Amino acid sequence: MTISRGRKVRSALFVPGHRERMLEKAIESVADCLYIDLEDAVPASEKANARQVTKSVLPRVTNKLACVRINDLTTGYTLDDLEAVVRPNLAAVVVPKVDGGNALRIVHQLLFELEKRNGVPVGSIGIIASLETASGIANCAEIVRASDRLTAVMCGTAEDGDLQRDLGYVATESKIEVAYALAHVLVQARAAGIPEILAGPYVKFDDDPGLEKDAAFARRLGYTGKAAIHPRQLDIINKVFTPSAEELAYYERVVVAMRDAHARGLGAVTVDGRMVDQAMLERALSVIQTNPSSHAEGAAKESADAADRAGDARR
């Protein structure tokens, strides 16, 4: 089970759960995924209304993934949130401020009970852990293994946010102050087999150059996507987390070259002046399969079949 259900999630748009008009506009946006927010973006006086609005909107989200950020377990709102939104069209719940694995285990069990009660296939709703505190970063290795529903992790490093409050760093353009946190979450999530690792939002929604730089930093580290707080951020985020035509063309050349190499009984070749072997082929296949074009997919399948045949012959 993955949150993407076969789709690549480059962008996730946060939308306040009590603002129905904003939700309707978000549905028509270019976001790959919606994070309908019942937490920080909703004042206490609007929590009940936000649950009902979100419940009514969820069935209308048919062109992208629908996720809901619930309130954390310390608030007393969590169960009410889940009772309202555990419905067939819910892809995942975003659990905020996760400090340890116990929070995810509790949400896991609540989802199990509510799926059964509400006629939702058991196990179909994923969990996204939002790590945005010092404890969350420190306990990341435990968190990413706490539930088999965990399909994505988000590392929140927003300027003046929870992590900055905890650590006391000064936010800079270079991002050096959050590089360790981002890299640590990435390594632990990858080691646990979590398919999607998202960077948290960039809060200066009218700073396009800053957003692009922020997103590019996350992509260079290995992040697969990024959250947004405004629809105007989506085009930039989607572009940054989509391989360029040049990148895809290079990986296509790798696949074709390795297909030919396998046909000749060779394990390594040179492509564009670089040595390429099985490890590089697997990287190329991974990129192409998550960003398919008809030509690349065909070449990838042929190369994978050739690799299998070569392995059979060696055995």
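In this predicted model, the buried residues of helix 1 pack against three elements: strand 1 (11-16), strand 2 (33-37) and helix 2 (47-57). The residues in question are Leu23, Ala26 and Ile27, within a helix that spans residues 20-27. Because they cover an arc of only 100 degrees around the axis, they lie on the same side of helix 1. A little helix geometry is handy here: an α-helix has 3.6 residues a turn, so residues three or four places apart point the same way. The other side of helix 1 offers a contrast, for Arg21 and Lys25 are exposed there.

Turning to the strands, 8 of them close into a barrel, following the order 1-2-3-4-5-6-7-8 with parallel pairing. On average, and with direction ignored, neighbouring strands of this sheet are turned by 25 degrees against each other. As a reminder, strands of a sheet pair through backbone hydrogen bonds, either parallel or antiparallel. One pair serves as an example: strand 4 (residues 92-95) and strand 5 (residues 126-131) run parallel and are joined by 4 bridges. Val95 has Ala129 in strand 5 as its bridge partner.

A further packing arrangement involves helix 3 (residues 78-85) and helix 4 (residues 101-118), whose axes are 10 Å apart and meet at an angle of about 35 degrees. The crossing of helix 3 past helix 4 is right-handed. From helix 3, Leu79, Leu82 and Glu83 take part, meeting Leu110, Leu111, Leu114, Arg117 and Asn118 of helix 4. Sorted by class, this contact between helix 3 and helix 4 comprises 5 nonpolar, 1 polar and 2 charged residues.

Methods: Residues numbered from 1 in each chain as written. Predicted model: local features only at pLDDT ≥ 70, side-chain atom pairs only at ≥ 80, totals over all residues. Heavy atoms only, no water. Pairing = 2+ DSSP bridges. Helix = DSSP H or I, 4+ residues; strand = E, 2+ residues; numbered from the N terminus. Axes fitted to C-alpha atoms, helices over the stretch in contact; angles between N-to-C directions. Buried < 20%, exposed > 50% of the residue type's maximum accessible area, 1.4 Å probe, protein only. Arc of directions from axis to C-beta. Contact = heavy atoms within 4.5 Å. Left-handed = near helix turned anticlockwise from the far one by under 90°. Nonpolar A, V, L, I, M, F, W, Y, C, P; charged D, E, K, R; others polar.
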